[in-house]
Amino acid sequence: QLEKCTFPCAVRACDVQAEDADWGCAGDLPPDNEPDWGDAADGPVGLPHADAAQEDAAQEDGGASELTELVAAPQRAQKISIEYAKSAKQVDIKGLKLALWELLNEALMRCDLDGPSEVSFQDVIAALPEKLSAHKLADISCAYCFICLLHLANEKSLEVRGTADMADMRVSAPAL
């Protein structure tokens, strides 16, 4: 159980009424005024005049100055192991965007001749190994391809829509 702080340093020298206040530190006690060390059953221990000093300080501050009560330390959460990449990937985003744009442009040109100009994003990703080396392809993920697609959609005014089952995205060229 935690108790309020009643250390001797909590009392200022001007709070202790004595004729000779030459004791050194402002919180030191005069030789004839020994602190009551009591035991835990007696309640808070400390200076005999601590309560009076606290009341005086509270009156001076308008009741705002009270001792701080200590609280128990919070429980710590257990350590959770999260798998993450130990080494940074070196992805050439500019090269990936260029390869994706070439694939999208080729597919959109073919679709223009056949009918509606709309391309499946999964088809474009499936054709990506044709444009990039195996070394570069090892560091590329679907997330990198999606980020590059968003950049291309912004730069080239492409429209990206999800399918009803959310299994794929359809990329279409702007209507001229």
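**Salt bridges, sheet and surface of a predicted chain**

Lys131 has a relative accessibility of 33%, so it counts as partly exposed, since that class lies between 20% and 50%. The model in which Lys131 sits is a predicted one, and the values below are computed from it. The side chain of Lys131 meets that of Glu102 in a salt bridge, with 3.4 Å from N to O. Glu102 belongs to helix 2 and Lys131 to helix 4 (residues 128-131), so this pair ties together parts of the chain that are 29 residues apart in sequence. Glu102 is also partly exposed, because its relative accessibility is 32%.

Before the other pairs are taken up, the overall layout helps to place them. The chain has 176 residues, of which 24% count as buried. It contains six helices and three strands. Read from the N terminus, the order of these elements is α-α-β-α-α-α-α-β-β. About 13400 Å² of the chain is exposed, and 53% of that area comes from carbon and sulfur atoms. If one takes the contacts between residues at least 6 apart in sequence, 56% of them join residues at least 24 apart.

How are the three strands arranged? They make up an open sheet in the order 1-3-2, with antiparallel pairing. Strand 1 (118-120) and strand 2 (159-162) are the edge strands, each of them pairing on one side only. On average, neighbouring strands in this sheet are turned by 30° against each other, direction ignored. Strand 3 (residues 169-172) pairs with strand 1 in the antiparallel sense over three bridges, and within strand 3 it is Ser172 that stands opposite Glu118. Strand 3 also pairs with strand 2, again in the antiparallel sense, over four bridges. Here Arg170 of strand 3 has Arg161 opposite. Strand 2 and strand 3 form a hairpin with six residues between the strands, and in this hairpin Met166 takes a positive phi near 60°.

The residues just named in the strands lead back to the charged pairs. Side chains of opposite charge can pair when their charged atoms come close. By the rule of a Lys or Arg side-chain nitrogen within 4 Å of an Asp or Glu carboxyl oxygen, the count comes to six salt bridges. One of them joins Arg161 to Glu159, with 2.8 Å between the closest N and O atoms. Arg161 is partly exposed, because its relative accessible area is 38%. Glu159 falls in the partly exposed class as well, since its relative accessibility is 40%. This pair does not stand alone: Glu118, Glu159, Arg161 and Arg170 are linked in a network of salt bridges. Two members of the network, Arg161 and Arg170, are the residues that stand opposite each other in the pairing with strand 3, and another member, Glu118, is the residue opposite Ser172.

A further salt bridge connects Glu155 with Lys97, whose closest N and O atoms are 2.7 Å apart. Glu155 lies in helix 6 and Lys97 in helix 2, 58 residues apart, so the pair links distant parts of the chain. Are these two partners buried or exposed? Lys97 counts as buried, because its relative accessibility of 18% is under 20%. Glu155, with a relative accessible area of 47%, is partly exposed, because that value lies between 20% and 50%. Helix 2 thus carries Lys97, and Glu102 is found in helix 2 too.

Helix 6 (residues 142-156) also holds Ile147. Ile147 is part of a nonpolar patch on the surface, which Phe146, Ile147 and Leu150 form with about 250 Å² of accessible area together. A patch residue has to have over 30% relative accessible area, and Ile147 can qualify on that point because its value is 42%. With that value Ile147 is classed as partly exposed.

A last position precedes helix 2. Asp92 is placed in the loop between helix 1 (50-60) and helix 2 (93-114). Asp92 counts as partly exposed, because its relative accessibility is 40%. The C-alpha atom of Asp92 is separated by 9.0 Å from that of Ile140, and the two residues are 48 residues apart along the chain.

How values were computed
Residues are numbered from 1 along each chain as its sequence is written. This is a predicted model: local features need pLDDT of at least 70, side-chain atom pairs count only at pLDDT 80 or more; totals for chains, interfaces and linings use all residues. Side-chain values use heavy atoms; hydrogens and water are left out. Patches are made of residues with over 30% relative accessible area and no salt bridge: like charges are joined within 9 Å, nonpolar side chains (Val, Leu, Ile, Met, Phe, Trp, Tyr) within 5 Å. Accessible areas come from the Shrake-Rupley method with a 1.4 Å probe; for residues, only the protein chains shown count as cover. Buried means under 20% relative accessible area, exposed over 50%, partly exposed in between (1.4 Å probe, protein chains only). Contact means heavy atoms within 4.5 Å. Two strands pair if DSSP finds at least two bridges between them. Axes are lines fitted to C-alpha atoms, for helices over the stretch in contact, and angles run from 0 to 180 degrees between N-to-C directions.
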